[in-house]
Amino acid sequence: MNVPIELLLDHVEEQMKKSEVALKGHFNSIRTGKASPSLLDGITVEYYGTPTRLKELAGITAPEPRLLVIQPWDASAVHAIEKAILASNIGITPVSDGRTLKLPIPELSQDRRQALAKQAKAYTEEAKVAARNIRRDANEAAKKAQKNGELTEDELKKQLDDIQKMTDKFIAEYDKLLAEKDKELMTV
């Protein structure tokens, strides 16, 4: 970690916020039985030989709570989009009329809800591991700065305490996000 010691805490906070943003992105991709255009965020379509994100090829709307409508800008891309959706692991079969694609969002079974909750828990655990790795790197940087004479023993102790408090704060936030996602998943 090549960060000036006076900027270390800001760097740690920035890295942990990135981890939180990634976690929220993962949570958005977990479907809950409600139509949300973010379900399709991770899908790339082979468009004229180039992998292109679906949202760059089409307008995606949710006109009803359990229906997504995909309106490609180029009608010739309908088949490629349909193929990409089927190849993704979202578990929804698109219905095509040649110009648009409709994705009816099926009701989630209890088993599927539990599997998705388990997936959300795994994403949260990844975020926590990332936060702990950031903490470890920051602690090493602070100890190295103390060894180089940039920090006194007391300043090092305060720096390590501040890093730990920030880690605890973010891990609590990750747990809160998980609890919200679990509640959303388990609500029928």
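# Helix packing and a hairpin in a predicted model

This is a predicted model, and its protein chain has five helices and six strands.

Reader: In what pattern do the helices and strands follow each other along the sequence?
Author: The protein chain has five helices and six strands to place. Read along the sequence, they come in the pattern α-β-β-α-β-β-α-β-β-α-α.

Reader: Is the protein chain a compact globule or more spread out?
Author: For 188 residues the globule rule gives 16 Å, while the radius of gyration here is 22 Å, well over that. The C-alpha trace spans about 70 × 40 × 25 Å along its principal axes. Since 22 Å is well over the rule's value, the chain is, compared with a compact globule, more spread out.

Reader: What share of the residues is buried?
Author: Buried here means under 20% relative accessible area. Of the 188 residues in the protein chain, the buried ones make up 38%.

Reader: How do H1 and H5 run, roughly parallel or roughly antiparallel?
Author: H1 covers residues 8-29 and H5 covers residues 153-186, and their axes lie 11 Å apart. They pack at an angle of about 10°, and angles under 35 degrees count as roughly parallel. So H1 relative to H5 is roughly parallel.

Reader: How many residues of that H1 and H5 contact are charged?
Author: On the H1 side the contact includes Glu-13, Lys-17, Glu-20 and Lys-24, and on the H5 side Asp-162, Lys-169, Glu-173 and Lys-181 are among the residues. Besides 12 nonpolar and three polar residues, the charged ones number eight.

Reader: And H1 with H4, roughly parallel or roughly antiparallel?
Author: H4 spans residues 110-147, and its axis is 10 Å from that of H1. The angle is about 170°, and anything over 145 counts as roughly antiparallel. That makes H1, with respect to H4, roughly antiparallel.

Reader: How many nonpolar residues are in the contact of H1 with H4?
Author: H1 brings residues including Leu-8, Val-12, Met-16, Leu-23 and Phe-27, and among those from H4 are Ala-120, Ala-127, Ala-130, Ala-131 and Ile-134. Four residues of this contact are polar and one is charged, and the nonpolar ones number 14.

Reader: Which residue in the hairpin of S1 and S2 takes a positive phi?
Author: S1 (residues 44-47) and S2 (residues 50-53) pair in the antiparallel sense over four bridges, with Tyr-47 bridged to Thr-50 of S2. Two residues sit between the strands, and the one with a positive phi near 50° is Tyr-48.

Key
Residues are numbered from 1 along each chain as its sequence is written. This is a predicted model: local features need pLDDT of at least 70, side-chain atom pairs count only at pLDDT 80 or more; totals for chains, interfaces and linings use all residues. Side-chain values use heavy atoms; hydrogens and water are left out. Axes are lines fitted to C-alpha atoms, for helices over the stretch in contact, and angles run from 0 to 180 degrees between N-to-C directions. Angles under 35 degrees count as roughly parallel, over 145 as roughly antiparallel, 65 to 115 as roughly perpendicular and the rest as oblique. Contact means heavy atoms within 4.5 Å. Ala, Val, Leu, Ile, Met, Phe, Trp, Tyr, Cys and Pro count as nonpolar, Asp, Glu, Lys and Arg as charged, and the others, Gly among them, as polar. Two strands pair if DSSP finds at least two bridges between them. The radius of gyration is taken over C-alpha atoms; the globule rule is 2.2 Å times the number of residues to the power 0.38. Buried means under 20% relative accessible area, exposed over 50%, partly exposed in between (1.4 Å probe, protein chains only).
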